[in-house]
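Q: Please take a close look at the shell around ligand 1. Then carry on to the helix packing and the pocket lining, in one connected account.

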Amino acid sequence: MSAKTIDLTLKVWRQKGQNSEGSFKEYPAKGVSVHASFLEMLDQVNEALISQGQDPIAFDHDCREGICGSCGFMISGNAHGPIKSTTVCQLHMRNFENGEVLTLEPWRATAFPVIKDLMVDRSAFDRIITAGGYISVNTGNAPDGNCLPIPKPDADEAFASAACIGCGACVASCKNASAALFTSAKISHLALLPQGQIEKEKRTIKMVEKMDSEGFGACTSTGACEASCPKDISLTNIARMNREFLKAALCEKPEHHHGEG
Amino acid sequence: MVAFTGTTVGRKYLMGVSGLIWAGFVFVHMCGNMLILISPQAYNAYGHAIVSNKPLLIASELILIFALATHIVSAIALTRQNRSAKGIAPVRAPNGAKSTGLASRTMAAQGALVLVFIISHLVVFKFGNYYETTVDGVVMRDLSKVIFEVFQSCQPVAWYAFCLVLLGFHLSHGFGSIFQSLGMLHPAYQPKIRIASLVYGFVVSVGFLSQPIYVFLSQS
Ligand code: SF4
Ligand code: FES
């Protein structure tokens with residue numbers, strides 16, 4: 001392995017807390033190995049900051065292998081940085097040039113308030129899921145994997161939608177901060193499978209309404225989300241959400257409450 | 001039924017359906033106007049046939065006005081919602097491999113300009129100078145005379161060129177978007193819709209543009 005290193009300048013959004021004002025501050029990142037991941041590079045910068053008695057840059061992360069959806073911030077306008085189909089934890093420094101100046105800022109969306117620096121509160125996503133992203137199942141032992149026949153193309157499509165890791169890059173890259181790609185991936189994944197049919201209408205309506213009430217914007221089909229999504233979630237999911245929503249709105253049955261009428 | 005049109009998805013349906021009505025109208029309008037390239041008489045006769053069919057004319061005008069109003073009201077509601085949803089915009093728009101089309105990012109601004117164009121266009125032509133002519137013994141409005149009058153100088157031609165390119169730009173994104181908004185995208189034909197939308201926007205733009213340019217050149 002070569003020992004190639006690069007020097008960068010980082011302009012980082014620093015914000016103490018949700019209600020404080022934020023601003024950009026400049027930090028040098030010197031002698032960065034091109035084999036390091038972006039987060040490892042930030043770890044090095046933070047070590048230097050800590051040793052100087054300064055507050056390290058806060059950013060979210062967990063698995064660091066592109067599967068948990070914890071990490072993510074904007075790198076010079078791009079969610080998760082310049083490389084497609086990649087989370088920022090899987091982004092390597094070999095993708096940057098020596099001497100580059102990078103602007104790091106948190107996901108920008110009213111529904112994702114900044115917790116600190118590059119860290120945002122994405123619990124709005126959790127609330128969209130809680131609104132309807134579940135299915136009814138029989139209790140008891142786990143059913144046999146093949147007891148429900150599912151055509152292979154449907155299984156594949158559902159799986160492609162289920163690949164969404166809830167990172168929020170779609171919202172961050174969208175000029176409208178729309179959560180349509182995320183919500184539609186979750187709706188699609190269940191709508192494509194037999195297990196998801198029971199609550200399908202109710203789920204679609206509830207999740208769309210929740211998406212709106214959390215303060216996300218509307219889709220204007222710019223395609224920024226699809227381009228930034230580390231899991232390549234397709235725009236066709238949004239079309240599916242829209243047609244499921246129309247169907248549900250037209251066919252919704254009134255809700256029955258136990259003990260009434 | 002839920003408050004369908006109160007949701008972002010419902011409003012996109014309104015945008016899509018009203019946009020589709022106008023997209024259809026614009027195309028037919030462009031095709032019909034091509035008659036000016038053939039002869040002023042043919043063009044006048046065509047215009048006369050349209051205005052003589054009162055029930056059809058009034059029904060179409062009402063549908064168009066209603067669709068335009070729906071398009072504008074939904075657009076304003078969505079744009080306001082989208083601005084407040086974004087809050088602070090990032091320092092740069094997505095770029096490089098993740099960049100998006102200029103047309104798709106500036107739809108609201110284009111829409112506002114197109115509205116100005118529609119109004120000015122109606123003032124100049126539909127409600128503009130009134131001349132009469134006789135074609136095959138029938139007295140009718142000489143609309144072609146207005147066209148030749150307007151497009152004899154450079155400025156109106158330039159203004160129309162600007163507006164028609166803008167209109168084509170608006171349609172090149174809008175037409176394809178309609179399919180997504182109305183829930184009609186599928187991996188099998190998604191790329192084809194994108195191409196069809198670009199072609200449609202281009203054809204409308206160039207088709208319309210050919211008319212003032214032809215009229216201008218034929219007089220200079
Ligand atoms: S759709 Fe893609 S960008 Fe959006 S949350 Fe899911 S994985 Fe992230
Ligand atoms: S830290 Fe888990 S996806 Fe990046």
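A: A helix here is a DSSP run of H or I with at least four residues, and helices are numbered from the N terminus. The model is predicted.

Two helices of chain A, helix 4 (169-173) and helix 5 (180-191), each give two or more residues to the shell around ligand 1. There are 13 residues around the ligand, and the nearest are A:Cys164, A:Cys167, A:Gly168, A:Cys170 and A:Cys229. By class, the shell has 11 nonpolar residues and two polar ones, with no charged residue. Cys counts as nonpolar in this division, whereas Gly counts as polar.

Helix 5 of chain A also packs against another helix. Its axis and that of helix 3 (residues 152-162) of chain A come within 8 Å and cross at roughly 150°. Angles over 145 degrees count as roughly antiparallel, so helix 3 and helix 5 of chain A fall in that class. Their crossing is left-handed.

Chain A also takes part in the second largest pocket, where helix 7 (224-228) of chain A gives two or more residues to the lining. Helix 5 (102-105), helix 8 (154-181) and helix 9 (190-219) of chain B do likewise. The pocket holds about 490 Å³ of space. Its lining has 25 residues, and those nearest the centre are A:Ser221, A:Thr222, B:Ser104, B:His173 and B:Arg194. Helix 8 of chain B supplies the largest share, six residues. The lining divides into 14 polar, eight nonpolar and three charged residues.

Two of these lining helices, helix 8 and helix 9 of chain B, pack against each other with their axes 7 Å apart, at an angle of about 165°. That angle makes the two helices roughly antiparallel. Helix 8 of chain B passes helix 9 of chain B in a right-handed crossing. Their contact contains 19 nonpolar and seven polar residues, and no charged ones.

As for the chain that holds this pair, chain B has nine helices and two strands. From the N terminus, its elements run α-α-α-α-α-α-β-β-α-α-α. The C-alpha trace of chain B spans about 60 × 45 × 35 Å along its principal axes.

Definitions and conventions:
Residues numbered from 1 in each chain as written. Chains lettered and ligands numbered in written order. Predicted model: local features only at pLDDT ≥ 70, side-chain atom pairs only at ≥ 80, totals over all residues. Heavy atoms only, no water. 1 Å grid on protein atoms, 1.4 Å probe; cavity = no way out; pocket = protein on both sides within 12 Å on 5 of 7 lines; lining within 4 Å. Points joined across faces, edges and corners; volume = space filled by probe spheres on them. Near = heavy atom within 4 Å. Axes fitted to C-alpha atoms, helices over the stretch in contact; angles between N-to-C directions. Parallel < 35°, antiparallel > 145°, perpendicular 65-115°, else oblique. Left-handed = near helix turned anticlockwise from the far one by under 90°.
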